[in-house]
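Thanks for making the time this morning. I would like to walk you through one structure, slowly, and I will try to keep apart what can be read from it and what is better left alone.

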Amino acid sequence: MAEREYHRLTPARPRSQFAIVSTGNSSLWLGKDHLLCVDSTSYTESYKRFYFRDIQSIIVQKTDRQRISSLILGFCAGICLLFLLVTDNTGIKVLWGIIAGLFGLVLLLDVIAGPSSYCLLRTAVQSEELASMNRLRRARRVLNRVRPLIAAAQGELTPEELAARLNQPPANESGTATASGAAATTGYVVDNPNAPPRIVS
Amino acid sequence: MTPVLLACPKCKTPLPAAVANQRETNPCPSCAVPLQVEVFPALFRRNAPGQAGEALLVDSDASCFYHPNKKAVLPCEGCGRFLCALCDCELHGQHYCPGCLEAGRKKGKIKRLENERICYDSIALALSLLPLLLFYLTFITAPVALYLAIRHWNTPRSLVHATKIRSVLAIIFATLEIIGWGVGIYFLATSRSRSHG
């Protein structure tokens, strides 16, 4: 059997956080030298490839979405239970019981999935939200799997190196200063000798 | 203005090195939102400047197809045209001209540039199954589903779900629906002819 080209990292998740009618799903797949983000509408799929050598940073932010959704679901389940208690009709009691049970089940699944998160992947040309990494636990699992692959492609930064590089001014800062100084007198800047000069007003 | 290399996604404040690569969540120093920040060496890598292409000085040298005044450095691996350093687009060790790169992306010839696919197998399966809710619609949708499944049997499927199971299921369901309609029409016709006879 042929080896699979991609391995699933995250299940498909709706791109919109509060989507009731589906707005398309997003999932993350692991390729040989890249991550593949698949946005699917069931009938079409669009792909974004993030090569390990190009990934600059991944930021995972813990959000309150899960807490809010749990509160809403708990409130709904509570209201249903309240109606169940005040109703005398057995048939309607069963109906309220089923609805409360459904809310309770969704609440339980939401709590089991753990805290929610927002994940941002950055390359030199874009910052992309990874919608399928919407739970902190899953995001950490994916990070633990992907980190060694990115390190193999790019190398690793020591804490000292990271501190030094994040705190140092960019290397082209002096060049820009010279160019802006020249622009003040000439009115144009030559960024690229093979491109027309950029006019500075 | 100094460009911000790393910023909090919530408050956009620059993040210090202390919160990066800690393998756990740390609060943003400004808004205190818990963050896990992974930084890689590519963040500090400078992009290599593009090459302008060398001017053609000797007539015996090959010139670029797109720039007759520039010296050709290599041929395009898609069309074989000679390219100067300016026109050379390198993609994972292969060299293409801009035209081939664009054509490769649009026509899906270069798989790594392909960024969209239509899943005809999913469409065929949906056309064979969903109209079952209103059975009369299958009179039209079943042949369409069968046509799509057979017509696009060899069309590249999803990059991540490459099996033909959806096409096979669509063909089976659509065929059964067509047979069902055939049998139904046959019995309707024979029962009417009997009642008239």
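I will begin with confidence, go on to the domains, and finish with the contact between the two chains.

Please keep in mind that this is a predicted model. For chain A the mean pLDDT is 82, with 78% of the residues reaching 70 or more. Within chain A, strand β5, residues 57–62, has the highest confidence, at 94, whereas helix α5, residues 173–186, has the lowest, at a mean of 47. Over residues 171–182 of chain A the pLDDT falls below 50, and this stretch makes four contacts in the model beyond its near neighbours in sequence. Where pLDDT is low, the predicted coordinates should not be read in detail.

Turning to the domains, chain A is divided into domain 1, which comprises 7–56 and 135–155, and domain 2, which covers 65–113; the C-alpha centres of these two domains of chain A are 33 Å apart. Chain B is assigned domain 1 (1–39), domain 2 (51–115) and domain 3 (120–192), and between the C-alpha centres of domain 1 and domain 3 of chain B there are 53 Å.

Now the contact itself, to which chain A brings 38 residues and chain B brings 36 residues. On the side of chain A that touches chain B, β5(A) gives the most, with six residues, and by class that side holds 21 nonpolar, ten polar and seven charged residues.

Finally, strands pair across the chains: β4(A) runs antiparallel to strand β7 of chain B, residues 116–118, and three bridges join them. In that pairing, T44(A) has I118(B) of β7(B) as its bridge partner.

Definitions and conventions
Residues numbered from 1 in each chain as written. Chains lettered and ligands numbered in written order. Predicted model: local features only at pLDDT ≥ 70, side-chain atom pairs only at ≥ 80, totals over all residues. Domains from an automatic or database assignment. pLDDT = per-residue confidence, 0-100. Helix = DSSP H or I, 4+ residues; strand = E, 2+ residues; numbered from the N terminus. Contact = placed C-beta atoms within 7 Å. Nonpolar A, V, L, I, M, F, W, Y, C, P; charged D, E, K, R; others polar. Pairing = 2+ DSSP bridges.
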